[in-house]
Amino acid sequence: MNKVAVTGANGMTGSHMVSLLKTKKIPVKKITRKIWDLRKWKSFKELDQIFGSISAVFHFGAQLNHCYSNYSNLQTQNIFNTNVRSCLNLAEWAKLRDIPIIFISSSLIYKDPHAPKIIETDETNNEFGSLGELGGLYGYTKILQENILKYFLTCGLKCIILRPSSLYGYGLPSDKLVQNYINIASSGGLIKVNRPNNKVNFIHAHDVSRAALQAYNKKLWGRIFNISSKKPSTILQVAKNAVSISGKGKIIILNDNKRNTSFTRFNLSSKLANKIFRFTPILSLKEGMMLVKKKHLIPQFKVRKKITL
């Protein structure tokens, strides 16, 4: 395979993608902030110099928002430019150069994140206000990015859009649930679990990277796929896994949900991906959390399922 590029190569998902490509002996061009600060608009000539001779771009670069209100003008500008403006810049160049883009979107684009089972044709958000605190500005930029790519698809761009459920992996911010619980347990602390029966469909960044490579290999231009684990996990199970893999730490349940209705969030169905390119996740939540704790990007232990690419 010819050399491919990965934007956001130092980010969580980008790092996993780069590691996977290297294990497959696929030449990779790492696009980091030093090479292209996604906030900055580039000319076609500059992008030619940045990417060189490549056969595809795995566009994983993005800026998250870690709070959902009280944005400064600079924060808003940085998130918009990094996510939306760079996507427009890249898509226009890639269409002209006939270079495919494999794009990582988000489950935040769906209108009802608590639906029992979410498929690709379910209704998506179209307004910033409808995202509320769950998606924030970051979630809205994902909608705008998808719309940009869909427009350029009509103009001849080769593109695949992947919508992962709730992504985690090594490099996850410390304020996110999985990393937070691992940090607390590893220090021998007390994990305070609120609403333990609530469920989330977690998917490891290694499995998402595998799906991206599989979809690219099949040249599934113009298609959109959910990428998720087989079933959601309870918040309590995340805490138990953190304690188990750390060998220390304790759990206290603050609210057992007996008086409250529990919910399931981001329970995406990846049946379409399984049908079209035989995607199936290979990492259980506990195995994935073990990778996070050990700071590994690629499974270092024997995985129960056969890896297919």
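These are short numbered notes on four parts of a predicted model.

1. **Setting of Ser105.** Start with the loop that runs between β4 (101–104) and α4 (132–153); Ser105 is located there. Its relative accessible area is 2%, so Ser105 counts as buried.

2. **Partners of Ser105.** The side chain of Ser105 makes a polar contact with the side chain of Glu146, at 2.6 Å. Setting aside neighbours within four places in sequence, Ser105 also has Lys142, Ile161, Leu162, Arg163 and Pro164 among its contacts. Glu146 is on that contact list too.

3. **Helix α9.** This helix covers residues 285–294. Which of its residues are buried? They are Leu285, Glu287, Gly288, Met289, Leu291 and Val292. The charged Glu287 is thus listed beside nonpolar residues such as Leu285 and Met289.

4. **Cover over α9.** Both strands and helices take part in covering the buried residues of α9. The strands include β6 (166–168), β9 (202–204) and β11 (233–234). The helices include α5 (177–186) and α7 (235–246).

5. **After α9.** Lys295 follows the helix. Its phi is positive, near 60 degrees. The backbone at Lys295 may merit a look on screen.

6. **Second largest pocket.** This pocket holds about 350 Å³ of space. Its lining is made up of 21 residues. Nearest its centre lie Ser229, Lys231, Ser233, Ser284 and Leu285. Leu285 is also one of the buried residues of α9.

7. **What builds the lining.** β9, α7 and α9 are the elements that each give two or more residues to the lining of the second largest pocket. Which element gives the most? That is β9, with three residues. β9 and α7 also help to cover the buried residues of α9. By class, the lining has nine nonpolar residues, six polar and six charged.

8. **Cysteines.** How many disulfides does the structure hold? The count is zero. For Cys87, the closest cysteine sulfur belongs to Cys159. The two sulfurs are 7.6 Å apart, and a disulfide needs them within 2.5 Å, so they are too far apart for a bond.

9. **Exposure of two cysteines.** Is Cys87 buried or exposed? Cys87 is buried, because its relative accessibility is 1%. Cys155 has a relative accessible area of 36%, so Cys155 counts as partly exposed.

Methods:
Residues numbered from 1 in each chain as written. Predicted model: local features only at pLDDT ≥ 70, side-chain atom pairs only at ≥ 80, totals over all residues. Heavy atoms only, no water. Helix = DSSP H or I, 4+ residues; strand = E, 2+ residues; numbered from the N terminus. Buried < 20%, exposed > 50% of the residue type's maximum accessible area, 1.4 Å probe, protein only. Polar contact = N/O pair within 3.5 Å; in protein donor to acceptor, adjacent residues only side chain to side chain. Contact = heavy atoms within 4.5 Å. 1 Å grid on protein atoms, 1.4 Å probe; cavity = no way out; pocket = protein on both sides within 12 Å on 5 of 7 lines; lining within 4 Å. Points joined across faces, edges and corners; volume = space filled by probe spheres on them.
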